[in-house]
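Please open the structure in your viewer and keep the sequence panel beside it. The tour goes from one selection to the next, and at each stop it says what is there.

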Amino acid sequence: MGNTAEENSSLFPIFILAIMVLSLVPYTIHRVANAAWKKARSIHCHCSVCLRSGKYRTSVAKKISKFSTCSNLVVLLLWVIMLFLVYYVKHITREVQPFEPFAILGLDPAASEAEIKKAYRRLSIQYHPDKNPDPEANKYFVEYISKAYQALTDPAARENFAKYGHPDGRQGLQMGIALPEFLLNVHGPSGGILLLGIVGVCILLPLMTAVIYLSRSSKYTGNHVMHQTLSSYYYFMKPSLAPSKVMDVFIKAAEYVDMPVRRSDDEPLQKLFMVVRSELNFDPKNLKQEQAKFWKKYPALVKTELLLLAQLTRESTAVPFGLQSDFRHVLQLAPRLLEELMKMAVVARNDQGHGWLRPALGVMELSQSIIQAVPLSARKVAERNANAGVLTEGIAPFLQLPHFSEAVVKKLGRKVRTFQDLREMTPNDRMDLLIQSGFSDIEANDVETVLDMMPSITIAVTCETEGEEGIQEGDIVTLRAWISLKRGNGLTAALPHAPYFPFHKEENYWLLLADPVSNNVWVSQKVSFMDEATAVTAASKAIQESLEGSGASVKEINVAVKDAVEKVKSGSRLVMVKFQAPAESTYNLTAYCLSDTWIGCDKKVIVKLKVAKRSRAGTRAMIAEEGPVQEDGIEEEENEEDEGTYDDYESEYSDDEEGEPEEKSRTGKHANGKSHVGNRSSGTDSGSDTDEA
């Protein structure tokens, strides 16, 4: 019989193979499914400008570069090791065979005693130590041939074999561990290896993993943004922050501040400064002083701002080779940093739990401009006579279209006053207009492709107190907003047209319920149209919980859930948020739906919220007492003007006023009275993360 230690050593590859299969196969399936899911979601623009940008081009070199990540190479190496172990186990290791004396002697079970002796003598000549000096032959003769002959000729050994399957009688249960013999030899030179391995795997490895995880988690948020960045954003965010000043707050992220500035960067930054300085809005009368003040800022902030201005002015080719890696790094971090900056703008800042509208709008403007590579100055409203047939809005929405320039926009200004006018034209009329303006057929088709990709947003908002008539001060009000998205090409989930942004960027939207006059944001919610399955689940759950709380029947709940699912599948998303009703008054609010990628696709509707004086005890969760109930509710009307420009909001080149604007929208009592107005106590967004401030 084989030695127990040798058997354990032979089982070691099988043990390692089992561990690798249990961990590597599920992880690989998860990675492949993730990659397939992302590829299915990557429905991008097919205009010639996007295709030439190379962002969506899948060349062999790009595929290899994309695959050759550290994690992918580690997974590939582990698969190679696992396949080698499979081959080793199958072809090299031998299976433990049961003791069969007839098979060992090469006889049939019906062989006579004479045949047994004859076979034994024949094998003795071949394997006996006196005849064959090979140690392996000696081992085989003693452990197999002799025992087999004994089992078949000795009466006691034959009886033991018949009863217990072994000539030596009953064999005790032997247990071992599937580790190589040298690890178990505590008296040999490698005696401490097993102990060190146990200490390392069971103690040191988990401890190091925990230390690394805790140190990283204490430094970064769940969105992979540094906590120091959030602190800076919270501190520098002001209620009267003009959109033109949002850039100054944005670049103060710790990720940008920590970016190294090398001595070799001085000359390239000077050259880049000469290219983009028109966007720095220096006072011509004090140009030298302004420039000197700019260069005295912290070097990393100067570098970040110049690189962002290169993106906004589409001067990426002017970025020197030595700054290209930093340029991509700044743009790669921008979307998630802007998302956190938006959260800091709408986070609760007063006793009523309200955020600030003005900086929130500025953050969205900056996000749109960075993604579309449009200068902030292009958003400035042209102060020209609308009756003269010229543009009455900024040219930024036009510049996001392919082949458009300021000169082209001036030509179109004779016939198109707003970007919305261009979108509402029939395709034939628009094609004729573009060709008359100097576009080729291919260029005009590119414009049509992008316009078909652009979303059209509609919002339907209702506010109610569940289980009660009307809304009274102190009630828990449920805001229910259905946001619908339509595109000319029929898609719902798609990546935006952004040929000058070098990374994939998904569309996101922000729903804000705000008072433009008081600058207060009551409710904020991030919305996404990319994941329909998540949206269906979230909408179904929200509708079901809402109706169950109001005492609806099972049939009514099923019908409502079915309708909600159909709405989601047709391109709508449900946002449900609860907030406490403020003091008695009529509130002229506005519901904004803001895109973080497209310019000119924002939507707003007016919401009039009437809150009656308290005439019932407790809140909606308590038993209501009889009493007069004032007729109240909300009214909603869509704004027919261009969604990209707000009448109650000055754009990015307005002055940065000190202090919050005075509240004028109330017709009754002041909204910010003693009663608390929580901007959210719970919320549901069907298709996005729940971002509560």
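Begin with Cys 601, which is buried, with a relative accessible area of 5%, and then add Cys 593, which is buried as well, at a relative accessible area of 1%. How many disulfides does a search of the whole structure find? The search finds 0.

**The whole chain**

Before going further, keep in mind that this is a predicted model. If you colour the protein by secondary structure, you can look for its 25 helices and 10 strands. Of the 693 residues in the protein, 44% are buried, and the accessible surface comes to about 36,500 Å², with 56% of that surface belonging to carbon and sulfur atoms. If you consider the contacts between residues at least 6 apart in sequence, 72% of them join residues at least 24 apart.

**Helix H11 and its surroundings**

Now select residues 227-236, which make up helix H11, and pick out its buried residues, namely Thr 229, Leu 230, Ser 232 and Tyr 233. Why do these buried residues lie on the same side of H11? They do so because they cover an arc of only 160 degrees around the axis. A general rule helps when you look along such an element: an α-helix has 3.6 residues a turn, so residues three or four places apart point the same way.

Next, show what lies around this helix: the cover over the buried residues of H11 includes helix H12 (243-250), helix H13 (254-257) and helix H17 (324-346). Then rotate to the face of H11 that is turned away from its buried side, where you will find the exposed residues Gln 228 and Tyr 235.

**Aromatic rings and charges**

Stay with Tyr 235, which counts as exposed at 58% relative accessibility, and show the side chain of Phe 236, which is partly exposed with a relative accessible area of 33%. The structure holds 18 aromatic pairs. Tyr 235 and Phe 236 form an aromatic pair that is edge-to-face, with 5.0 Å from centre to centre and 85 degrees between the planes. Add Lys 238 to the view, and you will see that its charged end sits over the ring of Tyr 235, 5.5 Å from the centre of that ring.

A further selection brings in Tyr 234 together with Arg 349, and here Arg 349 lies over the face of Tyr 234, at 3.8 Å from the ring centre. For a group of rings, select Phe 273, Phe 282, Phe 294 and Trp 295, which form one aromatic cluster.

**Two loop residues with positive phi**

Move on to Asn 281, whose place is in the loop between helix H14 (266-276) and helix H15 (287-295). Its phi is near 55 degrees, which is a positive value in a residue other than glycine. Is Asn 281 buried or partly exposed? With a relative accessible area of 47%, Asn 281 is partly exposed.

Then select Ala 373, found in the loop between helix H18 (357-372) and helix H19 (396-399). Ala 373 has a positive phi of about 55 degrees although it is not a glycine, and it is buried, with a relative accessible area of 1%.

**Residues brought together from apart in the sequence**

Select Tyr 120 in helix H6 (residues 113-127), and then show Ser 146, which is 26 residues away in sequence and 8.2 Å away in space, C-alpha to C-alpha. Which residues is Tyr 120 in contact with, leaving aside its neighbours within four places in sequence? Tyr 120 is in contact with Phe 141, Ile 145, Ser 146 and Tyr 149.

The next stop is Ala 498, which is found in the loop between strand S3 (476-487) and S4 and is buried, with a relative accessible area of 3%. Outside its neighbours within four places in sequence, Ala 498 is in contact with Cys 50, Lys 55, Ile 371 and Gln 372. If you also select Trp 598, you have a residue 100 places from Ala 498 in sequence, yet 9.0 Å from it in space, C-alpha to C-alpha.

Finish with Asp 515 in strand S4 (residues 509-515), which is buried, with a relative accessible area of 0%. The C-alpha atoms of Asp 515 and Val 607 are separated by 9.7 Å, although these residues are 92 apart along the chain.

Terms used:
Residues numbered from 1 in each chain as written. Predicted model: local features only at pLDDT ≥ 70, side-chain atom pairs only at ≥ 80, totals over all residues. Heavy atoms only, no water. Helix = DSSP H or I, 4+ residues; strand = E, 2+ residues; numbered from the N terminus. Buried < 20%, exposed > 50% of the residue type's maximum accessible area, 1.4 Å probe, protein only. Contact = heavy atoms within 4.5 Å. Areas by Shrake-Rupley, 256 points an atom, 1.4 Å probe, with all protein chains shown as cover. Disulfide = S-S within 2.5 Å. Phe/Tyr/Trp six-rings, centres within 6.5 Å; stacked < 30°, edge-to-face > 60°. Lys NZ or Arg CZ within 6 Å of the ring centre and 35° of its normal. Arc of directions from axis to C-beta.
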